[in-house]
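Good morning, and thank you for coming. Please look at the structure on the screen while I take you through a few of its features.

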Amino acid sequence: MAEKPPKPKPPLPSKPRPAAGIPTSTPGPGSRLAAPPLKKPTLAPPPQVLPLKPPPAHQYRQQQQQAHRRGGGCSCRRACCLATGLALLALCLALAAACLAYLYYRPRAPSFHLRPLAPVRLRLGGNSSSAVPAMDATVGARLVSWNPNERVAFRYGDGEGRVALAGDGDGDGDVALGWAPVRGFAHAPRSVAAVAFVATARGVVLDDAVAARVRDRYRRRQQRFRVVVDAHVGVRVGALRTGMVPLRLLCDDGVMAAGSPDGTAAGPMSKCQVLLFRVRCSLNRLIRRFRFSLN
């Protein structure tokens, strides 16, 4: 009898799989249980950011105007500071250049002296229409100038010269005798120049006391004169020329030339004052005027 095939064994029930994260091995008596892994916390959704509302139109314009004003003020201050700094720098440079030029050129003012006046012709006589005496005068004046500079030259413009009889200290004033034009000239460095003119006057009326005094001094050749010359002067240094400024030459101690009336003989020269801008500041005269006002 044939053997029957063996019956197949029924499948064994499958073991349940362990859950994820649970160890499959059975811990021993001395082992520790493994800590379950940490779970990541769930992040909360980001808060909703609301868009900023723009400021009102008038506030926006005010903010813009304030910002513009602040910026404009800063720019103005910077411009002022820059301009002031440049001006101070230019002034310092100009002063330094002027000091160097002065040390190099050593400028000095020219000197003027009045030679004894010649010719001097004074003729006193009575006026036909009145009993007061009248005088005809012809006076020649000559001024000598010396330029002591080595690199500085001067140029003088046309002007006029006046001659007057010098008054006395007893109250008599000057008596004008006339004027004459004066031609300009150039004055080179380290040179001597001369200015001459002749003033004439006709029918100058004098009182008896002044006429007698003038007649006596004229006979003794002791009559004194005052000579004033008004002109313009400019400075030339190399190729550089300055503008013309007013100049006045004041000669108070003019004397007649000794010898003949035509002045053939020479005499001592008197120094003249050089007044720029025709201004003279005399401390003694100011003091006298102040005392007179107090009295």
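Let us begin with residues 79-105, where the span is 100% helix and 0% strand. The C-alpha atoms at the two ends of this span lie 38 Å apart. An unreviewed UniProt entry annotates residues 79-105 as a "transmembrane region". Please keep in mind that we are viewing a predicted model.

Within that span, I would draw your attention to Tyr104. Which residue lies over the face of Tyr104? The residue is Arg151, at 4.5 Å from the ring centre.

I now turn to the aromatic rings. A pair of such rings is described by two quantities, the distance of the centres and the angle of the planes. How many aromatic pairs does a search of the whole structure find? The search finds three, and I shall discuss two of them here.

In one of these pairs, Phe112 and Tyr156 meet edge-to-face, with 5.9 Å from centre to centre and 90° between the planes. Phe112 belongs to strand E1, residues 111-114, whereas Tyr156 belongs to strand E4, residues 153-156. The pair therefore ties together parts that are 44 residues apart in sequence.

Are these two rings on buried or exposed residues? Phe112 has a relative accessible area of 3%, and Tyr156 has one of 8%. A residue counts as buried under 20%, so Phe112 is buried, and Tyr156 is buried as well.

Tyr156 also pairs with Phe185, and here the arrangement is stacked: the centres are 4.6 Å apart and the angle between the planes is 25°. Phe185 lies in strand E7, residues 185-187, and Tyr156 in strand E4, so this pair ties together parts that are 29 residues apart in sequence. Phe185, like Tyr156, is buried. Taken together, ring pairs link Phe112, Tyr156 and Phe185 into a cluster.

Let me close with the protein chain as a whole. It has three helices and 13 strands. Of its 295 residues, 24% count as buried. The accessible surface of the chain comes to about 22300 Å², and carbon and sulfur atoms account for 60% of that surface.

Finally, consider the contacts in the chain with a separation of 6 or more: residues 24 or more positions apart account for 72% of them. The two ring pairs I described, with partners 44 residues and 29 residues apart, are helpful examples to look for on the screen. Thank you for your attention.

Terms used
Residues are numbered from 1 along each chain as its sequence is written. This is a predicted model: local features need pLDDT of at least 70, side-chain atom pairs count only at pLDDT 80 or more; totals for chains, interfaces and linings use all residues. Side-chain values use heavy atoms; hydrogens and water are left out. UniProt positions are given in the numbering used here, feature names are shortened, and annotations may be inferred rather than shown by experiment. Helices (H or I, at least four residues) and strands (E, at least two) are DSSP runs, numbered from the N terminus. Rings of Phe, Tyr and Trp (its six-membered ring) pair if their centres lie within 6.5 Å; planes under 30 degrees apart count as stacked, over 60 as edge-to-face and the rest as tilted. Buried means under 20% relative accessible area, exposed over 50%, partly exposed in between (1.4 Å probe, protein chains only). A charge sits over a ring if NZ of Lys or CZ of Arg is within 6 Å of the ring centre and within 35 degrees of the ring normal. Contact means heavy atoms within 4.5 Å. Accessible areas come from the Shrake-Rupley method with a 1.4 Å probe; for residues, only the protein chains shown count as cover.
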